[in-house]
Each structure stands twice: as C-alpha cells, then as structure tokens.
Amino acid sequence: MVNVNDLEFSYGKEKILNQTTVHVYKGELISIVGPNGTGKSTFIRCVNGLLKAQKGQIKIAQSDIKTLSRPQIAKRVSYVPQNTRNIFDLKVFDMVLFGRRPHSSFRTRREDRIKALKALNILHIEHLAMRNFNHLSGGQQQKAIIARALVQETGIILLDEPISNLDIRHQLEVMDTLRSLVNKAGITIIMVVHDLNIAAQYSDRIVIMDKGRIVGAGKPEEVITKESIAATYGVDAEITTVNNKPHIIPMNVRYEKK
C-alpha cells in the first residue's frame, strides 16, 4: 500500500531522515514514535508529497509519488496535520465537504453532500454539522478533521499527532474511531504519536525513529521493550501487560544520554 525505501531528507546541511525504509500494508494502523526532533513529522510530510526527499523512493499503491500531481496525491492520501485549531471559519458540514474537492472540483454534487453527512455519522458528530468549526472543543475539532479526511475516500490517512492536545477521554474516543476505521472499513492509517502506551494498545505495528533512522519496527510486543525505551529515550522503564499489549511504566531518566 505504502512503500518507502531509503528515504533521505535534509534542511540545508542538517540531515533529518537517513535511509528511512517503511512498508505499510492495506488495513493496518501504524504508529511512528520516537523522541522530539527525530524526523517523524518530516517523514509524514514526505509521504504526502508536501516535502520533496532528496533521495529514496515513495510508492503509494504502486505509483511513485514523484510522478503524481497534487490532485492525484489527494485522491490517494488524506492528511491530518498537527495544528488544526481555529483555521476553518466555516460550519462543520462545509469544512468536511472540502474533503470532496479532489473528486468534484469547485462544484458540489448531491453525492458529495451525502458522503459528507455519512462521514459525520461515522464519527458520531452529525449533531455538530451546523456548528462553526472554531467554536468546537479540541476533541470535536479533531473528529471533524478526521471526517474531512475520511470523505476524501483515499483509503490511506496520515495523521500527525492527532491526540497531542486532547484530554484522556477524547484521546481514547479518537483512537477508538481510528481503530474502528481500520477494522471495519479497511482504511490504512499511519500516525505520529508521542504516547507509547496509546501506540501499543491501538497499533498493528510500531515504527521507532531516532535521529532520522528507523531503529525498530514490528508488533508492539516486539519493539516496546526495556532495552528499546532505554536506548531511544534514555529512560529506564518497567514493561507490564494490559489487554495483551505492553504497557510502559517510566522509572527514571538516564541523564547521561544528553
């Protein structure tokens, strides 16, 4: 579904991604984790074509992203950026309807409106359709943005820290929704997330990045270990099990890492 091979990206002389290789299959929820500044968001933007990698190859559904125009990419990949608060001075329904733009240009069809309403129903926010997006809570806004990505009908959704500014209830609601989209609709999701326990509970696989490189990739129980946490984050931790998935209990910081 998404194949990234030997990706390299630099800002000037500063290398952000270094020989990054990730393969994602249809109907998977993949979490990308790692310390701040390690290239996670840059990776997502490269996959979406917002940034142009200097080396390597990105294929989406067997198409090299370098050969695709922005409209063609928008028909293959939906993108939910980090900061979405207070950027849409529109009713929620109209904002979600914008997700149909790659398919219907500037004219809205009845079919587009039906699909927008269906997306709102899937996210359980149809009652917010006529509310101003900027007047919603953070959790409601995030669900509306995901509805907009869903109505784009790409089959692949990229999310950059979708739960970072939410309280625990809204974090779980958003993650339950994403997991349901994968399980019931076969959507493929690649998301950047900081909470390792959230990643472990909801992901099919986890990719650990450190200093622009992939240092671990696999099922949560394979990559979330004492050793990987110590090596990547410089933190000693105990690993327990919750719902048959690893759960991290941080113990102390290894200050020598810095």
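1. Two strands count as paired if DSSP finds at least two bridges between them. In this predicted model, β6 and β7 (residues 156–160) meet that test, with three bridges in the parallel sense. Within the pair, V80 stands opposite L159 in β7.

2. The wider sheet is open and has six strands. Their order is β6-β7-β8-β3-β9-β10, and the pairing is mixed. β6 (78–80) and β10 (213–218) are the edge strands; each has a single partner, so one side of each lacks a neighbour in the sheet. From one strand to the next, the twist averages 15 degrees.

3. Helices pack on this sheet. Helix α7 (residues 168–185) touches β3 (29–33), β7 and β8 (188–192). The direction of α7 makes about 150 degrees with that of β8. Helix α10 (residues 226–233) also packs on the sheet, touching β3, β9 (205–210) and β10. Here the angle is about 35 degrees, taken between the directions of α10 and β9.

4. Now the core. The largest nonpolar core has 50 residues. V96, L120, L159, L178, I189 and M191 have the most contacts inside it. Helix α6 gives the most to this core, with seven residues. A second core is separate and has 28 residues, including V2, L17, L68 and I73. In soluble globular proteins, nonpolar side chains tend to be buried together.

5. L120 deserves a look of its own. Leaving aside residues up to four places away in sequence, L120 touches V92, F93, V96, I125, E126, A129 and A147. V96, one of these contacts, is also listed with L120 among the residues with the most contacts inside the largest core.

6. Is the length of α5 what its residue count predicts, and what is the span? Helix α5 covers residues 110–122, and at 1.5 Å a residue its 13 residues should span 18 Å. The end C-alpha atoms are 19 Å apart, which agrees.

7. Which residues of α5 are buried? They are D112, A116, A119 and L120. Seen down the helix axis, the buried residues fall within an arc of 100 degrees, so they line one face of α5. The face turned away from that buried side carries R110 and K118, both exposed.

8. The buried residues of α5 pack against three helices: α3 (92–97), α4 (101–104) and α6 (138–151). Just after α5, H124 takes a positive phi of about 60 degrees.

Key:
Residues are numbered from 1 along each chain as its sequence is written. This is a predicted model: local features need pLDDT of at least 70, side-chain atom pairs count only at pLDDT 80 or more; totals for chains, interfaces and linings use all residues. Side-chain values use heavy atoms; hydrogens and water are left out. Helices (H or I, at least four residues) and strands (E, at least two) are DSSP runs, numbered from the N terminus. The expected span of a helix is 1.5 Å times one less than its number of residues. Buried means under 20% relative accessible area, exposed over 50%, partly exposed in between (1.4 Å probe, protein chains only). The arc is that of the directions from the helix axis to the C-beta atoms. Contact means heavy atoms within 4.5 Å. A nonpolar core is a set of buried Ala, Val, Leu, Ile, Met, Phe, Trp, Tyr and Cys residues joined through side-chain atoms within 4.5 Å. Axes are lines fitted to C-alpha atoms, for helices over the stretch in contact, and angles run from 0 to 180 degrees between N-to-C directions.
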